[in-house]
Amino acid sequence: MKKVISVVLNNFTNDSRVLKEAISLQNGGYEIEVVALWEEGLKEFEEVENISVHRIRLKSRSWSKNRLIQILKYMEFLYKVIKKYRDIDIVHCNDLAILPIGVLIKKFSKKDVKIVYDAHEYETETHYSKGVRKKIAQILEKRLIGYASAVLTVSDKIANEYVRLYNIKKPALVLNTPPLKEVEKKDIFRQRFNIEAEETIFLYQGALNRGRGIELILETFAMATEGVVVFMGYGMLEPLIKEYIKKHNRIFFHEAVAPEEVLDYTSSADFGLSLIEDSCLSYRYCLPNKMFEYTMVGMAVIVSNLPEMRRIVEEYDVGVVVQDKSIEGLKDTIAKAVALDKATLAKNIQKLRLKYNWQEQEQVLLKVYNEL
């Protein structure tokens, strides 16, 4: 049985993609362990849905958070992972920051270690990649991607960019979609927030950060006379959302919930919002997992006019694309969404669900691994 480590640079408490991949690989006959960062209050060793997890303790964890210290923390993590995990067969590198760890394990191991580079976004063109940081990322990826036996990514546009940039075989597409299952529609939001039965509930689910259209949604619903919006998640814009809630009665906030509970909450809304902004190439070419969570529970979507998102929505006719990213533009789009024929939507969403689910993506992942 081949030994695999899936390495992340987080505490592995809310990483649904990494967990789903690990479960699929374990069910596919691989011995897998997730390697993450330890934080106060978390277990160093535990099992999450029968997946072994090792959170690495860093002596530098409590040090200050300036850029130099962050680099030292990364170096300590790198050193400890390499020291402990030389005797493995495959390193699954989640994101560019982990790729150097995979390459060094490969170089220091006596075995022919295989590297799977899993680019969860357009790694060198993210919202935060600017200046020197961006240049370093570009150099790092260009130098190291050739060591990977396989590359995975999350949209066709990003895959084509990797081919253009590095002249490599086209990366396999493994989308972060939810498992195919029937979810009984719940009414959690109406019950918790005392929302009237006749009100249409719009849901923003996911990271509450800039670049995701949250400010536009807030401004639009602050002026709305019908319909309400629920924000569910966590992030830097949570305080801003709570400020709006104090002044406007059509805006609500729900804290993030565990991955296994998400779809029950998702099903409690009527329409899903995914308004990623065209602020970087990674966002422009994205296919957010939240969009597929919305459709998995039979919900129509309202999405940004970005190529990958637009392609899915228009191909399957499962929602409306925002053409004008202004308050009036979003209001008009919402009105169009509400007017869509529900019976037609249900049929179209069902077709999409049968293709864009984890059981389908799992087959791609296992094929890549079985061919290593």
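# Briefing on a predicted protein chain

Just after helix H12, Asp317 adopts a positive phi of about 55°. The structure is a predicted model, and the protein chain contains 15 helices and 14 strands. The points below cover the overall form, helix H12, the cysteines and Val229.

**Overall form**

- The radius of gyration of the protein chain is 21 Å, which agrees with the value near 21 Å that a compact globule of 372 residues would have.
- The C-alpha trace extends over about 65 × 45 × 40 Å along its principal axes.
- Buried residues make up 52% of the 372 in the protein chain.
- Among contacts with a separation of 6 or more, 65% join residues that lie 24 or more positions apart.

**Surface and charge**

- The exposed area of the protein chain is about 17900 Å², of which carbon and sulfur atoms supply 51%.
- The protein chain carries 55 positive and 52 negative side chains.
- The centres of these two sets of charges are 7 Å apart.

**Helix H12**

- Helix H12 covers residues 307-316.
- Its buried residues are Pro307, Glu308, Met309, Ile312, Val313 and Tyr316.
- In an α-helix there are 3.6 residues a turn, so residues three or four places apart point the same way.
- The buried set in H12 includes Met309, Ile312, Val313 and Tyr316.
- Asp317, with its positive phi, comes just after this helix.

**Cysteines**

- The structure holds zero disulfides.
- Cys286 is in no disulfide, and the nearest cysteine sulfur, that of Cys280, is 8.3 Å away; a disulfide would require the two sulfur atoms to be within 2.5 Å.
- Cys286 counts as buried because its relative accessibility is 11%, the cut-off for buried being under 20%.
- Cys93 also counts as buried, because its relative accessibility is 0%.

**Val229 and its surroundings**

- Val229 belongs to strand E10, which comprises residues 228-233.
- With a relative accessibility of 0%, Val229 counts as buried.
- Although Val229 and Phe202 are 27 residues apart along the chain, their C-alpha atoms are separated by 4.6 Å.
- Phe202 is also one of the residues in contact with Val229 when neighbours within four places in sequence are left aside.
- On that basis, the other contacts of Val229 are Ile217, Phe221, Arg250, Ile251, Phe252 and Leu273.

How values were computed. Residues numbered from 1 in each chain as written. Predicted model: local features only at pLDDT ≥ 70, side-chain atom pairs only at ≥ 80, totals over all residues. Heavy atoms only, no water. Helix = DSSP H or I, 4+ residues; strand = E, 2+ residues; numbered from the N terminus. Rg over C-alpha atoms; globule rule 2.2 N^0.38 Å. Buried < 20%, exposed > 50% of the residue type's maximum accessible area, 1.4 Å probe, protein only. Contact = heavy atoms within 4.5 Å. Areas by Shrake-Rupley, 256 points an atom, 1.4 Å probe, with all protein chains shown as cover. Lys, Arg positive; Asp, Glu negative; His and termini not counted. Charge placed at Lys NZ, Arg CZ, Asp CG, Glu CD.
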